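Q: I'm new to this one and would like a close look at how its strands pair up. Please take me through that slowly, then add a bit on whatever helices you can describe.

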Amino acid sequence: MLRLKTIIRTFPVGAVLLAMLWASAAGGRAEPWPAVPKEQASPVEILLAPPRKARAPVVPAQISPTAATKAALGQLVAESRCLAEVIYYEARGESEEGQKAVAQVILNRLATGAHGNTICSVAYEGAHQTFCQFTYVCDGSLDKPRRPESWRAAQVLAARILSGQTSVRNDADGATSYHALSVHPSWAPKMLRVAQIGNHVFYRALPSRPRLQNAAFRGSLQ
């Protein structure tokens with residue numbers, strides 16, 4: 001029994017069938033095992049391709065006051081597309097309210113000036129460094145096919161937001177960060193939780209503490 005198991009694990013199917021016929025012809029007696037041809041015993045070579053690096057996105061420049069009409073409109077379309085990408089990759093499974101809240105975080109970050117000076121630069125922050133603010137930018141998602149209906153809806157919502165046809169103001173007003181309920185990032189306790197909308201929790205920076213002044217200094221200002 002041990003010998004048959006070893007044969008099955010070691011040799012191809014053809015060799016196993018040959019072994020069974022050999023044992024039958026020998027009447028069950030132990031017989032020397034026939035030599036296996038070299039071509040059957042040669043190892044199989046498996047080539048492993050190196051992991052493919054995610055394509056770094058191109059960040060459009062700011063729209064110059066002296067830009068040509070065509071160039072300005074092209075950059076405007078690019079900005080709308082970047083907002084649509086955030087909505088699609090970060091919140092396509094959420095309600096419209098949840099998608100707006102995620103879009104609002106991008107606009108709030110843009111307003112601070114600390115994360116970029118365009119929607120695209122905010123969305124792609126860290127793409128050319130070692131850490132992306134938004135996972136989809138660095139994990140190869142941008143190179144994969146999108147679900148047509150979800151992508152259409154994200155593009156339309158982004159256009160409606162940028163044209164002012166729908167408001168993004170909601171319970172997450174002022175939020176500059178968020179995370180999914182399934183994760184617990186280390187930065188969350190250091191920020192002020194403002195809302196939970198769908199599967200995301202939203203935060204903004206804690207208010208800065210006023211500097212304490214001693215009585216002598218306060219008196220000198222009066």
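A: Let's start with what pairing means: two strands pair if DSSP finds at least two bridges between them. Strands themselves are DSSP runs of E with at least two residues, helices are runs of H or I with at least four, and both are numbered from the N terminus. Keep in mind that this is a predicted model, where local features need pLDDT of at least 70, side-chain atom pairs count only at pLDDT 80 or more, and totals for chains, interfaces and linings use all residues. Residues are numbered from 1 along each chain as its sequence is written, and side-chain values use heavy atoms, with hydrogens and water left out.

Now the sheet. It is an open one with 3 strands, in the order β1-β3-β2, and the pairing is antiparallel. That puts β1 (177-180) and β2 at the edges, each pairing on one side only. From one strand to the next, the twist averages 25 degrees, with angles taken on a scale of 0 to 180 degrees between N-to-C directions of axes, which are lines fitted to C-alpha atoms (for helices, over the stretch in contact).

Take the β2 side: β2 (residues 191-197) and β3 (residues 200-205) run antiparallel and are joined by 6 bridges. Here Ala195 sits opposite Phe202 of β3. The two strands make a hairpin with 2 residues between them, and Gly198 in the turn has a positive phi of about 65 degrees.

On the other side, β1 and β3 pair in the antiparallel sense over 4 bridges. Phe202 turns up again, as the bridge partner of Tyr178 in β3.

As for the helices, α4 (residues 69-91) packs with α5 (residues 96-112) at an angle of about 130 degrees, their axes 9 Å apart. The pair is therefore oblique, a label for whatever is left once angles under 35 degrees (roughly parallel), over 145 (roughly antiparallel) and 65 to 115 (roughly perpendicular) are set aside.

There's also a disulfide, meaning a pair of cysteine sulfur atoms within 2.5 Å: Cys82 and Cys120 form one, with their sulfur atoms 2.0 Å apart. It links distant parts of the chain, since Cys82 lies in α4 and Cys120 in helix α6 (residues 119-123), 38 residues apart.
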